[in-house]
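Q: Got a minute to go through this model with me? I'd like to start with how a couple of helices pack, then get to the ligands.

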Amino acid sequence: MTDRYGATREELAAILAGLGEPRYRATQVHDALWVRRRPLEEATDLPRRLRDELRARLPTALTAVAERHGDGGATVKWLWRAADGAQLETVLMRYPNRATVCVSSQAGCAMGCTFCATGQAGFERHLSAGEICEQVLRAQHASPQRVGNVVYMGMGEPLANVEPVLESLSRLHADAGISARQLTVSTVGVVPGMEQLVRFALPVTLAVSLHAPDDDLRSELVPLDRRYPLADVIAAARAYAARKGRRCTFEYACIDGLNDAPAQADALARLLRGLRGGAHVNLIPLNPTGAFAGRASPPDRIAAFAQRLRALGVQVSVRRNRGVDIDAACGQLRAREARRPAGPGQVRARTRPSATMGA
Ligand code: SAH
Ligand code: SF4
């Protein structure tokens, strides 16, 4: 059966025609779901009988298992279960005038990055385009602010699930009206997927997770580096920036004493020289995870690393960790829920606001 956000505009029209509805209903239903972005139940311009029928014909794909509120209500995180039991996470980050949603592209991840909670737990399955879009629209239902940014930085490696991810980007752009530059795909460096993204019609923002300026260290943190070393990953990012005329972002998790030395900042700046539009480095203090012994670099070391990069012409931002108090980092909520003793299905926790803020 087609799920609610997996159905294309044409499929919606076919379902409604099958129910004997007039043609304008397809536009009404589409607008309620994607333009007004409200739950079907609230589309009161549709007859109640039709809403009931559509609830059965177009079920949602995801059921909330847990919902956590942090940062004084500005950050919400969901753990969802799909019909087959696969679990995935979504984070909503609300700002005064807009909101960002961080989506998962897979349940779990096969890439095995040593510092990442999702990588530590392994791969479950790919998500469909409908499951990816549903995360955005369900988060929108909980946000008075319009969701204007979507980042593919939740669970999974988007470019290991290319076709559904590209389809979800097209739908979020065309149906939900999110501009291409506000759609960010974060990759650990799957080079063939990056090459497909170069050929993709939309100039979405590309973020590449580096975490180290040389292959010796990077391959310890990111096993995929052995298959696609830094030179190939940076070459693919260069091709992307050149084709789209769009500056690329590079993510760098700062790990105390491991990748945060001044000489490593110099090497990183050298690596990123000459990219079209320049390079933007996003420094992320490491979020502690169970199976990784490293700790976050202290703030003064991150500031010094950032300063050194800036002096070498690299644009830098330091991500403040939002939602640390609700396990908002990639894969952490699922990992925690898996450790909980069996109990009531629905969990709703409110935690104290934290002083930190996010990307
Ligand atoms: N698989 C993609 C996108 C999901 S991860 C990728 O790796 O880019 C999103 C970002 O969170 C990546 O930059 C990833 O390296 C980072 N990340 C994962 N675990 C982290 C942790 N424990 N601390 C800080 N950043 C982390
Ligand atoms: Fe997968 Fe990204 Fe985590 Fe690596 S950092 S294991 S690619 S989700």
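Q: Which residues of α7 meet α9?
A: This is a predicted model. In α7, Val191, Met194, Leu197, Val198 and Arg199 make the contact. On the α9 side they meet Asp232, Val233, Ala236, Ala237, Ala239, Tyr240, Arg243 and Lys244.

Q: And by class, how do the residues of that contact divide?
A: Nine are nonpolar and four are charged, with no polar ones in the contact of α7 with α9.

Q: What's the angle between those two helices, and how far apart are the axes?
A: Helix α7 covers residues 191–199 and helix α9 covers residues 230–244. They pack at about 5°, and their axes are 9 Å apart.

Q: So are they roughly parallel or roughly antiparallel?
A: Angles under 35 degrees count as roughly parallel, so α7 and α9 are roughly parallel to each other.

Q: OK, switching to ligand 1. Which residues come nearest?
A: There are 18 residues around ligand 1, and Gly156, Ser186, Ser209, His211 and Asn287 come nearest.

Q: What does the side chain of Ser186 do there?
A: An N or O atom in the Ser186 side chain is 2.7 Å from an oxygen atom of ligand 1.

Q: What about backbone atoms and the nitrogen side of ligand 1?
A: For Asn287, a backbone N or O atom lies 2.9 Å from a nitrogen atom of ligand 1. For Phe115, a polar backbone atom is 3.0 Å from a nitrogen atom of ligand 1.

Q: How much of ligand 1 does the protein cover?
A: On its own, ligand 1 has 530 Å² of accessible area, and the protein covers 93% of that.

Q: Which strands supply at least two residues each to its shell?
A: β8 (183–187) and β10 (248–254) each do that for ligand 1. By class, the ligand 1 shell has eight nonpolar, eight polar and two charged residues.

Q: Last one: what's around ligand 2?
A: Ligand 2 has 10 residues around it, with Cys109, Met111, Cys113, Cys116 and Gly119 coming nearest. Its shell has six nonpolar, three polar and one charged residues.

Technical notes: Residues numbered from 1 in each chain as written. Chains lettered and ligands numbered in written order. Predicted model: local features only at pLDDT ≥ 70, side-chain atom pairs only at ≥ 80, totals over all residues. Heavy atoms only, no water. Near = heavy atom within 4 Å. Nonpolar A, V, L, I, M, F, W, Y, C, P; charged D, E, K, R; others polar. Polar contact = N/O pair within 3.5 Å; in protein donor to acceptor, adjacent residues only side chain to side chain. Areas by Shrake-Rupley, 256 points an atom, 1.4 Å probe, with all protein chains shown as cover. Helix = DSSP H or I, 4+ residues; strand = E, 2+ residues; numbered from the N terminus. Axes fitted to C-alpha atoms, helices over the stretch in contact; angles between N-to-C directions. Parallel < 35°, antiparallel > 145°, perpendicular 65-115°, else oblique. Contact = heavy atoms within 4.5 Å.
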